[in-house]
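Here are a few exercises to work through with the model open beside you. Try each task before you read its solution.

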Amino acid sequence: MKIKDEILDIILSTPKYFADIFLLVNNGEKVEVSPKALETQLKMRYKVAKTSLTIADYFRKKGFKDDQIFENND
């Protein structure tokens with residue numbers, strides 16, 4: 001399943017969400033993905049970013065439903 005573009009746009013336009021996702025993809029420890037690299041991945045809609053369970057889990061915890069997070073793959 002792929003993350004909807006709208007969710008990726010929310011991450012890019014909301015500093016708090018971006019910071020939270022940044023910490024999650026780096027496991028809250030040493031920086032493996034720089035902020036610029038994460039921003040680039042999200043802007044370019046890399047498959048890695050769009051299929052990220054980390055992003056989905058984060059937005060589920062924020063109250064989003066799967067149909068709001070994922071593209072419909074019918």
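**Exercise 1: Arg60 and its partners**

At 32% relative accessibility, Arg60 counts as partly exposed, a class that lies between buried (under 20% relative accessible area) and exposed (over 50%), with a 1.4 Å probe and protein chains only. Before going on, note that this is a predicted model, in which local features need pLDDT of at least 70, side-chain atom pairs count only at pLDDT 80 or more, and totals for chains, interfaces and linings use all residues. Residues are numbered from 1 along each chain as its sequence is written, and side-chain values use heavy atoms, with hydrogens and water left out.

Task: find which residues form a salt bridge with Arg60.

Solution, step by step:

1. Start from the rule: a salt bridge needs a side-chain nitrogen of Lys or Arg within 4 Å of a carboxyl oxygen of Asp or Glu.
2. Asp57 meets the rule, since its closest O atom and the closest N atom of Arg60 are 2.9 Å apart. The two residues sit 3 residues apart in helix H5 (residues 53-61), so about one helical turn separates them. Helices here are DSSP runs (H or I, at least four residues), numbered from the N terminus.
3. Asp66 is a partner of Arg60 too, with 2.7 Å from N to O.
4. Check the surroundings: Asp57 is partly exposed at 36%, and Asp66 is also partly exposed, at 36% relative accessibility.
5. For a shared-partner case elsewhere, look at Lys36, Glu39 and Lys43, which salt bridges join into one network. By this rule the count comes to 5 salt bridges.

**Exercise 2: Asp20**

Task: decide whether Asp20 is buried or exposed, and list what its side chain meets.

Solution, step by step:

1. Place the residue: Asp20 belongs to helix H2 (residues 15-25).
2. Read its accessibility: at 17%, Asp20 is buried.
3. Look along the helix. Lys16 and Asp20 form a salt bridge of 2.8 Å, N to O; they are 4 residues apart in helix H2, so about one helical turn lies between them. Lys16, at 48% relative accessibility, is partly exposed.
4. Look across the chain. The side chains of Asp20 and Tyr58 share a polar contact of 2.6 Å (N or O atoms within 3.5 Å, one able to donate a hydrogen and the other to accept it; residues adjacent in sequence count only if both atoms are side-chain atoms).
5. Leaving aside residues up to four places away in sequence, Asp20 touches Tyr58 and Lys62, where contact means heavy atoms within 4.5 Å.

**Exercise 3: Rings around Tyr58**

Task: classify the ring pairs that Tyr58 makes with Tyr17 and with Phe59.

Solution, step by step:

1. Recall the cut-offs: rings of Phe, Tyr and Trp (its six-membered ring) pair if their centres lie within 6.5 Å, with planes under 30 degrees apart stacked, over 60 edge-to-face and the rest tilted. The structure holds 4 aromatic pairs.
2. For Tyr17 and Tyr58, the centres are 5.5 Å apart and the planes lie at 80 degrees, so the pair is edge-to-face.
3. This pair links distant parts of the chain, with Tyr17 in helix H2 and Tyr58 in helix H5, 41 residues apart.
4. Tyr58 and Phe59 are edge-to-face as well, at 5.2 Å centre to centre and 85 degrees between the planes.
5. Add burial: Tyr58 is buried at 8%, and Phe59 is buried at 0%.
6. Finally, ring pairs link Tyr17, Tyr58, Phe59 and Phe64 into a cluster.
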